[in-house]
Amino acid sequence: MNPEGTLLLGRRDVERLLDLDECIAAVEEAFRLLAQGRAIPSGILGFPYPDGGFHIKAAGLDLAQPYFAAKINGNFFRNRERFGLPAIQGIVLLSDGRNGRPLALMDSSEITTLRTGAATAVAARVLARPDSSVVTVCGCGNQGRAQLRALARVLPIAKAYAFDMDADAAERFARELGPALEIDIESVRDPGAAVRGSDVCVTCTPSRRPFLRRSDVRAGTFLAAVGADAPEKRELETEILTESRLVVDSLEQCATIGELHHALEEGALERSAVHAELSEIVGGAKPGRESAAEITVFDSTGVALEDVAAAAAVYEKAIRAGVGLVWKSAE
């Protein structure tokens, strides 16, 4: 039974409640429901600040009951070195889609991290070769860790290369995740060379210029471009997009802030060149990978649909477990 008030869930609450496998399943179902017309398409507002910025993302989803969620996140990539804080901080407001009642207010950090990794896992199921066993992760922060954990759930990953501009971060990544995931992880200084020997590559860095070239990506590779979630951010050379099967999480959003945005501005691609939105593939309207040799790219800007799915899963588990504080506004 829903509490008579708004459930307050801190970061530790969310961490205990949000299981990665459940998050992958929730995000996949959300994309399937979007394809069926049972979701309010995601919306986004962005506000740049020096060294980062804020964004507000919102969407609705028709699950056992209709939910609406709005997330306000600050994303400041130098937080760790300057203030000892996470790069991403914020809150998610989950509301009842039938009457607007605020159901829960929860920390967004773990939701953002896991749902982004979950989206890559969903994309990998349909865009990566099923036998993909070697992955390069570019960006070894919390998101990079979630990406590798998620990929290991859906692909037979046996070897990983870890790259970060901070070499110590890449070494920690390898030292800590290798034993935990029972994967051979090697920290590297040259991401291009690593990608040339990989089946899968994930980029989740704050880069503002391309650092992966078309010549780095061999036939049959699946590449998840996660870092470009603002107009000024970019990780891939345009030719990678023009010579691949390009799938986006949201065409409108990727055309505004994703890797696609840069290709469109350069006149290298038209929107019609995008093969599909992920929901169209998950929903069965369009095919995913069709040959072992093609390069597939998932332009992942992070859509609010994923936030609704993850937040609803957290809320429903919290209600069953009796976790969190209940806040009742004054009448």
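In this predicted model, helix 12 (residues 304–321) is followed by Gly322, whose phi is positive, near 70 degrees. The helix itself has the length anticipated from its residue count: at 1.5 Å a residue, its 18 residues should span 26 Å, and the separation of 25 Å between its end C-alpha atoms agrees with this value. A substantial list of its residues is buried, namely Ala304, Leu305, Glu306, Asp307, Val308, Ala309, Ala310, Ala311, Ala312, Val314, Tyr315 and Ala318. In general, an α-helix has 3.6 residues a turn, so residues three or four places apart point the same way.

The packing partner of helix 12 is an open sheet. This sheet comprises 7 strands in the order 2-3-4-5-6-1-17, and its pairing is mixed. Its edges are formed by strand 2 (39–49) and strand 17 (325–327), each of which pairs on one side only. From one strand to the next, the twist averages 15 degrees. Helix 12 packs on the sheet through contacts with strand 1 (6–9), strand 2, strand 3 (52–62), strand 4, strand 5 and strand 6, and the direction of the helix makes about 70 degrees with that of strand 3. Within the sheet, strand 5 (residues 88–96) and strand 6 (residues 102–107) are paired in the antiparallel sense over 5 bridges. In this pairing, Met106 of strand 6 is the bridge partner of Val92.

Aromatic pairs were examined next. The count of such pairs comes to 4. In one of them, the rings of Tyr49 and Phe54 adopt an edge-to-face arrangement, with a centre-to-centre distance of 5.2 Å and an angle of 80 degrees between the planes. Phe54 has a relative accessible area of 35% and is therefore classed as partly exposed. Another edge-to-face pair is formed by Tyr67 and Tyr315, at 6.4 Å centre to centre and with 75 degrees between the planes. Because Tyr67 belongs to strand 4 (residues 66–76) and Tyr315 to helix 12, this pair ties together parts that are 248 residues apart in sequence. Tyr67 and Tyr315 are both buried. Ring pairs also join Tyr49, Phe54 and Phe76 into a cluster.

A further set of paired strands is centred, for the present description, on strand 7. Strand 7 (residues 134–138) has 5 of its 5 residues buried, so this strand is largely enclosed by the rest of the structure. As a general principle, the side chains of a regular strand alternate between the two faces of the sheet. Strand 7 is covered on both faces, with Val134, Thr136 and Cys138 buried on one side and Val135 and Val137 buried on the other. Strand 7 pairs in the parallel sense with strand 8 (residues 159–163) over 5 bridges, and in this arrangement Thr136 stands opposite Tyr161 of strand 8. Together with helix 5 (residues 142–154), strands 7 and 8 make a right-handed β-α-β unit. Strand 7 is also paired in the parallel sense with strand 10 (residues 200–203), over 4 bridges. Here the bridge partner of Val137 is Val202 in strand 10.

Several loop residues were also characterised. Most residues other than glycine have a negative phi. Asp51, although not a glycine, has a positive phi of about 65 degrees. This residue is found in the loop between strand 2 and strand 3. With a relative accessibility of 25%, Asp51 counts as partly exposed. Glu182 is likewise not a glycine and has a positive phi, of about 55 degrees. Glu182 lies in the loop between helix 6 (167–181) and strand 9 (184–188), and at 73% relative accessibility this residue counts as exposed.

Ser215 is located in the loop between strand 11 (208–212) and strand 12 (222–225). At 54% relative accessibility, Ser215 counts as exposed. The C-alpha atoms of Ser215 and Pro102 are 50 Å apart in space, and the two residues are 113 residues apart in sequence.

Conventions: Residues numbered from 1 in each chain as written. Heavy atoms only, no water. Phe/Tyr/Trp six-rings, centres within 6.5 Å; stacked < 30°, edge-to-face > 60°. Buried < 20%, exposed > 50% of the residue type's maximum accessible area, 1.4 Å probe, protein only. Helix = DSSP H or I, 4+ residues; strand = E, 2+ residues; numbered from the N terminus. Pairing = 2+ DSSP bridges. Axes fitted to C-alpha atoms, helices over the stretch in contact; angles between N-to-C directions. Contact = heavy atoms within 4.5 Å. Expected span 1.5 Å × (residues − 1). Right-handed = clockwise from strand over helix to strand, strands pointing away.
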